[in-house]
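This briefing concerns the helical packing and selected local features of one protein chain. Please consult the sequence and the structure shown below alongside the text.

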Amino acid sequence: ATATLQGASVAVLGSAAVAYQRMFGLVLMGWMWARMANASAQGDTALKRSKLQVAEFFAEHVLSQVDGLAKSVAARDHSIMMLPTEEF
């Protein structure tokens, strides 16, 4: 996604900003859940099992949104930025 935006106009960057930041946040949370799941795999307690289940849920149901956000960023659509400021 970052490479897709390199050299883009300010309008394209502005229109992609929210999707890009949301995607970045989801990937970061996924990375943190992966680390917690890895740490929880060392042992067998109810808390560790529940952390593994939540990490699996996050990966399947929340992290899957990253693909759609990446497609939105890659579209390089700047139509929203063409609206006059007073019409926002």
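In this predicted model, helix α2 buries V12, A16, A19, M23, L26, G30, A37 and S40. These buried residues of α2 pack against three other helices, namely α1 (2–5), α3 (46–62) and α4 (65–74).

**Geometry of α2**

- Helix α2 comprises 31 residues, spanning positions 10–40.
- From its first C-alpha to its last, α2 reaches 44 Å, which is close to the 45 Å expected at 1.5 Å a residue.
- The helix α2 nevertheless contains a kink of about 50 degrees, and this kink is centred on A17.

**Helix α4 and the residue that follows**

- The buried residues of α4 include V66, L69 and V73.
- V66, L69 and V73 lie on the same side of α4, because they cover an arc of only 65 degrees around the axis.
- Among the elements that cover the buried residues of α4 are α1, α2 and α3.
- Just after α4, R76 adopts a positive phi of about 55 degrees.
- R76 is also touched by A8, which makes a further contact with L13 when residues up to four places away in sequence are not counted.

**The largest nonpolar core**

- Eleven residues form the largest nonpolar core: L5, A8, V12, A16, A19, M23, L26, F58, V66, L69 and V73.
- Helices α2 and α4 each supply at least two residues of this core.
- The greatest contribution to this core comes from α2, which gives five residues.

**S40 in α2 and Q42 in the following loop**

- Is S40, a residue of helix α2, buried or exposed? S40 counts as buried because its relative accessibility is 5%, where the cut-off for burial is under 20%.
- Leaving aside residues up to four places away in sequence, S40 touches K48, K51 and L52.
- Q42 is situated in the loop between α2 and α3.
- With a relative accessibility of 52%, Q42 is classed as exposed, since that class requires a value over 50%.
- The side chain of Q42 reaches the backbone oxygen of N38 at 3.2 Å.

Note on methods:
Residues numbered from 1 in each chain as written. Predicted model: local features only at pLDDT ≥ 70, side-chain atom pairs only at ≥ 80, totals over all residues. Heavy atoms only, no water. Helix = DSSP H or I, 4+ residues; strand = E, 2+ residues; numbered from the N terminus. Expected span 1.5 Å × (residues − 1). Bend = angle between axes of the 7 residues up to and from the residue. Buried < 20%, exposed > 50% of the residue type's maximum accessible area, 1.4 Å probe, protein only. Contact = heavy atoms within 4.5 Å. Arc of directions from axis to C-beta. Core = buried A, V, L, I, M, F, W, Y, C linked by side-chain atoms within 4.5 Å. Polar contact = N/O pair within 3.5 Å; in protein donor to acceptor, adjacent residues only side chain to side chain.
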